[in-house]
Structure formats: structure tokens, C-alpha cells
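Please open the model in your viewer and keep the selection panel at hand. The stops below go from one chain to the other and then to the cores.

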Amino acid sequence: MIQLTSVQLQEAATAYVTANTPFFFFDRLRNSETAAILAQQHTSESIFQAIRAVNATEPTEAERILPIFAMVAALTRTRTPVSATIFDDIDLSRYRWGEDFCRFAKNYANTDNRLDIQIMPKFSYAPYASESTTNNRIALSYGS
Amino acid sequence: VLLDQAHINPIAVETRAGTLIKVSQTPKPEPCFILGDLSAHALFPMAEPRTEKISGFYNCHGLVFAARRAAIDETKQIPWILKEDGYEVVTLDELQPGDIAVYYDERSNEATHSAMVIETPKMNLMRVTRVVSKWGNGREYVHRINECTYAANARIEYRRIYT
């Protein structure tokens with residue numbers, strides 16, 4: 001069984017605090033190190049059971065709720081593929097953005113993670129980023 | 001709703017045309033969110049915090065469109081706020097302090113972030129736009145336009161109200 005205390009809270013808290021939309025929250029958390037480690041170290045079955053066990057206790061503190069979101073995000077990228085319908089059995093409706101989060105998880109389950117490095121805030125910081133002056137878009141150039 | 005105990009529509013906020021905007025306030029953000037904000041800042045250390053404490057009373061869209069009175073969580077509202085308030089697109093060459101920047105996620109096309117322009121590329125040696133924005137329920141920061149978590153995979157649009 002996954003211990004709740006073993007789920008790193010920091011990235012989940014960062015994703016949640018900075019999020020202005022549920023998709024942003026999901027996207028950042030799915031591409032976080034926390035979700036990657038959970039997905040690598042545990043089977044989809046054990047993650048699913050941990051989600052159900054923690055959720056059943058109806059936690060009210062963010063310290064206990066955020067790991068649930070992290071585990072749901074991890075479930076979308078486990079090595080052993082999960083059926084998308086598994087997310088129908090996870091009820092996060094008690095929490096803000098919970099329903100949206102599960103919907104995104106269902107849509108993104110087992111899709112590839114090739115955008116990870118671009119999406120992850122940890123690696124997306126581009127100290128040499130420059131702004132294009134020819135249009136309104138940002139051009140990021142990664143220095144070595 | 002658990003997780004942030006937000007109060008929905010505690011005050012009335014309207015567009016210029018009089019359409020009610022759905023807003024929220026979170027008077028007591030969870031203590032662990034301080035950790036989240038600090039961690040977000042650690043990713044972009046050049047960003048300068050403008051406020052000392054995190055605040056759940058408003059978010060980035062609330063700073064730009066609701067004068068820091070409340071958070072605008074449903075970003076589907078942003079396009080019609082821009083329309084009803086009369087914001088028009090400006091190019092980078094036309095940019096002035098006081099204009100706003102709206103970040104759109106390129107995949108979902110949602111307005112993930114908004115900011116207030118304080119320096120145009122013509123005003124500094126780095127030739128970059130500098131903005132003030134609020135990072136979700138965290139603190140306000142002064143930062144280069146691309147120096148925030150929202151800039152990855154983002155399309156940025158600058159806008160101004162002329163009248």
C-alpha cells in the first residue's frame with residue numbers, strides 16, 4: 001500500500017496554487033516528478049487502491065487531498081496501462097476541480113508523455129528565453 | 001467545495017456591458033499553499049515578489065479584470081470580458097505600460113494567465129516585456145513576460161482599452 005506521506009506534496013501544492021484552470025492543474029501535476037515517480041514505483045492497481053482508501057476517509061486537509069490528485073495523475077502514466085473506465089470509479093467531486101480532473105485523466109490515460117519536458121515547470125525555465133519582436137508570440141530559445 | 005473553501009460570488013463584479021462575472025474569494029488559503037508559492041518562485045528566481053503573503057482573495061485574472069477584489073476562476077469568461085470591456089489587440093511594437101497580456105494554452109486555448117504590462121521591450125536593455133501578475137492563489141510578482149510557469153506552451157496576446 002502506498003503511504004500518503006511518501007507522496008511528495010510540494011509539486012502538487014505548486015501546481016494547485018498557481019493554477020487558474022483545472023486543465024493547468026492536471027497538466028502540471030501529470031507531468032510532475034511526483035507523478036512520474038509514483039507511476040514508476042507502483043502498479044496501477046496499487047495506486048488505484050490507495051486513491052480509494054484515502055478518498056474513503058473523506059479528508060478535509062489539503063495535505064491529504066493533494067496526494068489523491070497526484071495519484072490520479074500518476075495513474076494516467078503507469079507502465080501497466082489502465083482502462084480509461086477506471087476513472088469512472090474515482091469520485092473527486094467533493095473537491096474543487098475534482099470532476100474536471102478525473103475527466104482529463106480519463107482522456108489522457110496512457111497517452112504518450114513526449115511533451116513532458118516542455119510542460120514541466122521545473123524544466124521549462126529558459127534563462128536565455130527571448131521575446132520575438134515580430135509578433136505577439138513568445139519565442140523560447142534554450143541556451144546550453 | 002473542499003480544498004480551498006472558496007466563497008462563490010461573495011461580491012458582484014460586472015463587465016462594462018453589465019454582464020455578471022462569476023467570481024470567488026478564498027479568505028483563508030491552506031498553509032501548504034505557502035510552500036507551493038515558494039516552490040513556484042524557486043523555479044523562476046528572477047521574478048520579484050511584489051507582495052509578502054499569498055492571497056486567496058484574487059488570482060491573476062482578478063488582478064487584471066476585477067481590480068484585486070476577487071478571483072475569476074472560470075476562464076471561459078475571459079473572452080467575453082475582453083469583448084464586453086472593449087479590449088483590442090495591440091502588437092508588440094505598439095505596446096505601452098498599462099496594456100494587458102493574456103496567456104492562452106496552445107492546446108486547450110484556455111486563458112491560463114493574465115498580466116499587466118509595466119515595461120515594453122523598448123524600455124529596457126533586455127528588450128523584453130515586463131509585467132506584474134499574480135500566480136494563482138500565491139503572491140504577486142514582477143517578472144519578464146516569459147519568466148513564469150504559464151509561458152510554456154503559451155500564446156500571448158496583448159490588449160488595450162482605448163476608450
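How many positive and how many negative side chains does chain B have, and how far apart do the centres of the two sets lie? In this predicted model, a selection of the charged groups of chain B gives 19 positive and 21 negative side chains, and the centres of these two sets are 2 Å apart.

Stay with chain B and colour it by secondary structure, which shows three helices and 11 strands; followed from the N terminus, the order of these elements is β-β-β-β-α-β-α-α-β-β-β-β-β-β. Reduced to C-alpha atoms and turned onto its principal axes, chain B fills a box of roughly 45 × 40 × 30 Å. Its radius of gyration is 15 Å, which agrees with the value near 15 Å for a compact globule because chain B has 163 residues. Of those 163 residues, 59% count as buried, and among the contacts in chain B with a separation of 6 or more, 55% come from residues 24 or more positions apart. If you now draw the accessible surface of chain B, you have about 7,100 Å² in view, with 54% of it belonging to carbon and sulfur atoms.

Next, select chain A, where eight helices and two strands are found, arranged along the sequence as α-α-α-α-α-α-α-α-β-β. Of the 144 residues of chain A, 55% count as buried, while residues 24 or more positions apart account for 65% of the contacts with a separation of 6 or more. The accessible surface of chain A comes to about 6,600 Å², and carbon and sulfur atoms hold 50% of it.

Within chain A, pick residues 9–18, which form helix 1; this helix is largely enclosed by the rest of the structure, because nine of its 10 residues are buried. The buried residues include A:Leu9, A:Glu11, A:Tyr16 and A:Val17. To see what covers them, add helix 2 (22–30), helix 3 (33–41) and helix 5 (62–75) of chain A, and then helix 1 (32–43) of chain B, which are included in the cover.

For the last stop, show the side chains of A:Phe25, A:Leu66 and B:Tyr103, which have the most contacts inside the largest nonpolar core, a set of 68 residues. Helix 5 of chain A gives this core its largest share, 11 residues. Another core, of 18 residues, lies apart from it, and B:Tyr58, B:Ile72, B:Leu82 and B:Tyr104 are among its members.

Methods:
Residues numbered from 1 in each chain as written. Chains lettered and ligands numbered in written order. Predicted model: local features only at pLDDT ≥ 70, side-chain atom pairs only at ≥ 80, totals over all residues. Heavy atoms only, no water. Helix = DSSP H or I, 4+ residues; strand = E, 2+ residues; numbered from the N terminus. Rg over C-alpha atoms; globule rule 2.2 N^0.38 Å. Buried < 20%, exposed > 50% of the residue type's maximum accessible area, 1.4 Å probe, protein only. Contact = heavy atoms within 4.5 Å. Areas by Shrake-Rupley, 256 points an atom, 1.4 Å probe, with all protein chains shown as cover. Lys, Arg positive; Asp, Glu negative; His and termini not counted. Charge placed at Lys NZ, Arg CZ, Asp CG, Glu CD. Core = buried A, V, L, I, M, F, W, Y, C linked by side-chain atoms within 4.5 Å.
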